[in-house]
Amino acid sequence: MGLSLVFGAAALRRTSVRLRHRVELGAQGDLAMARLLVRGQDEATAGLVGLGDKHLFFSESGDAFLMYGRRGKSLVVLFDPVGPREAWGPLVLRFVRHARSIGCRPAFYQVSPHFLPVAADVGLKLFKLGDQALVDLKGFDLKGGDWLKLRRSINRAERDGLEFSCLPASAVPQVMDELEQVSEAWLAHHQAAEKGFSLGTFRRDYVAAHPVAIIRQEGRIVAFANILTTDTRKEAFIDLMRHRPGTHRGMMDLLFVKIMLHLKAEGFERLNLGMAPLSGLSDRPSAPLWHHLGRFVFENGERFYNFKGVQAFKAKFDPDWQPRYLAISHGKALLPVLADTALLIGGGVRGLLRR
C-alpha cells in the first residue's frame, strides 16, 4: 500500500465514528474507508463493496473489514476478509461471536484456500462451492493450434465490423444512456431481474466508478463489461456483462480476448473471470454427500442455471481453476444458509424466481 493510501486511511479512521460495526447500511464514512482499503490490496473482486448493498464489519484497528448481507437468520460474508492476513483471524472470530450473540448463523461465501486456516481455528466447516477461473495475463496470447478456434471467432467478429475499445472511468458517463439501453435489452431478453450481493448491478454510480470495455457495431454499443481493478495491478475482475441479444456469435469472445490483451498491455498480472458454480466437485464414491448432490445439480440443473455453459465459456481461455468454499458453523446450517444466500443474490423470492 502506497504512502498516500496509508495516510488517507489513517485520516478516515480518525474522522470516522469509533464504533467498529455499523448496523445501518451504507454509512458513507465506512464505505469510503472500505473503498480505500480495497484499492491498496490485490483482490479486485472486493470492489463489489462499491454496490453499497452490504453491511461492513471492521477490525479493531480499522485496517481490515468484512462485507456481509443479512437474510433470515444468516449473516453471510462475501469473499475473504479485505486487509492484511494477520488481521483475518481476530476479525473473523469477532464476527462469529457477534452473529451468535444476536441469534444468527455466521457464514462465509466464496472464500479462498487462504481462508482455510482461519476457518479451522474458529471451528467452521467447509463445503466446496465451485472453481474460480483466473487467467495468467503475463503469458496470455493467441498463438498456437490450441487457440485456433478462438482466433477464428474473434477474426470473424472483427471482419463483420465489431470494434473494441476500453473507456476509462472518466469517460463512462458520456455513454451511460447507451449502456443502460444495452443492459435493459439484455435483462428483457433473459426475463431477468437485477441481482446483487455477489453479482454486479447496473447502477449508474457503480458503473461510472470503473473502466468499461465496449463493443460497437456501426457506431452503436452492442456489448459492454465493467472492469474492477486495484492500485497494485495484480488482478482485474470482469463484473457486469451485458449485450444486445442476437448481435453476433463471436461478440463475447472478442470482448473477453480484447479485455485480456488490453489489461496485459496495462501491466496487470491476472484476470479473474469469476466462479463456475458447482464445478470441480469430486466424483469419488468416498466423496462427501455434498459433492454428490452438487455434481447431480451441475449435470442436471440447466433448467435453473447454465452451470455447464458458464464453465465451458470460461474454460476456453485456459484459466487456472482455484476452489472456492462456503464456511459455516455446522453441516445442519448448509441448506438454510444456501437458501438465504440465494435470496440475497436474487433480491428476494420474486427476484430469484425471475432467474
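The expected span of a helix is 1.5 Å times one less than its number of residues. Keep that in mind for helix H8, residues 251-265, in this predicted model. H8 has 15 residues and reaches 21 Å from its first C-alpha to its last, close to the 21 Å expected.

**The whole chain**

Let's zoom out for a moment. The protein chain has 355 residues, and buried ones make up 51% of them. Its secondary structure comes to 12 helices and 11 strands. Take the contacts with a separation of 6 or more: residues 24 or more positions apart account for 72% of those. The accessible surface is about 16,900 Å², with 53% of that belonging to carbon and sulfur atoms.

**The sheet**

How are the 11 strands ordered in the sheet? They run S1-S2-S3-S4-S11-S5-S10-S9-S8-S7-S6, forming an open sheet with mixed pairing. At the edges sit S1 (55-58) and S6 (162-167), each pairing on one side only. From one strand to the next, the twist averages 30 degrees.

Take S8 (residues 220-229) and S9 (residues 235-243) as a sample of the pairing: they are antiparallel, joined over six bridges. Across that pair, Ile227 stands opposite Ile238 in S9.

**Helices against the sheet**

H8 packs on the sheet, where it touches S5 (125-136), S6, S7 (212-217), S8, S9 and S10 (270-277). The direction of H8 makes about 40 degrees with that of S8. Helix H11 (residues 334-346) lies across another set of strands, namely S2 (65-71), S3 (74-78), S4 (105-111), S5 and S11 (320-328). H11 runs at about 65 degrees to S4.

Back to H8 itself. Its buried residues are Met251, Met252, Asp253, Leu254, Leu255, Phe256, Val257, Ile259, Met260 and Leu263. Just after the helix, Gly267 takes a positive phi of about 95 degrees.

H8 also has a helical partner. The axes of H5 (residues 148-159) and H8 come within 8 Å and cross at roughly 105 degrees. An angle of 65 to 115 degrees counts as roughly perpendicular, so H5 is roughly perpendicular to H8. On the H5 side of this meeting are Leu150, Ser153, Ile154, Ala157 and Glu158. On the H8 side are Asp253, Leu254, Val257 and Lys258. Of these, Asp253, Leu254 and Val257 also belong to the buried residues of H8.

**A residue in S7**

Is Val212, in strand S7, buried or exposed? Buried means under 20% relative accessible area, and Val212 has 0% relative accessibility, so it counts as buried. Leaving aside neighbours within four places in sequence, Val212 is in contact with Ser165, Cys166, Leu167, Val172, Leu179, Val207, Phe224, Ala225 and Asn226. Cys166 is 46 residues away along the chain, yet the two C-alpha atoms are separated by 5.8 Å.

**Positive phi without glycine**

Two residues other than glycine are worth a look for their backbone angles. Here they are side by side:

| Residue | Phi | Place | Relative accessibility |
|---|---|---|---|
| Gln110 | about 60 degrees | strand S4 | 11% |
| Arg233 | near 60 degrees | loop between S8 and S9 | 35% |

Gln110 counts as buried because its relative accessibility is 11%. Arg233, at 35%, counts as partly exposed. The loop holding Arg233 lies between S8 and S9, the antiparallel pair described above.

Notes: Residues are numbered from 1 along each chain as its sequence is written. This is a predicted model: local features need pLDDT of at least 70, side-chain atom pairs count only at pLDDT 80 or more; totals for chains, interfaces and linings use all residues. Side-chain values use heavy atoms; hydrogens and water are left out. Helices (H or I, at least four residues) and strands (E, at least two) are DSSP runs, numbered from the N terminus. Buried means under 20% relative accessible area, exposed over 50%, partly exposed in between (1.4 Å probe, protein chains only). Contact means heavy atoms within 4.5 Å. Accessible areas come from the Shrake-Rupley method with a 1.4 Å probe; for residues, only the protein chains shown count as cover. Two strands pair if DSSP finds at least two bridges between them. Axes are lines fitted to C-alpha atoms, for helices over the stretch in contact, and angles run from 0 to 180 degrees between N-to-C directions. Angles under 35 degrees count as roughly parallel, over 145 as roughly antiparallel, 65 to 115 as roughly perpendicular and the rest as oblique.
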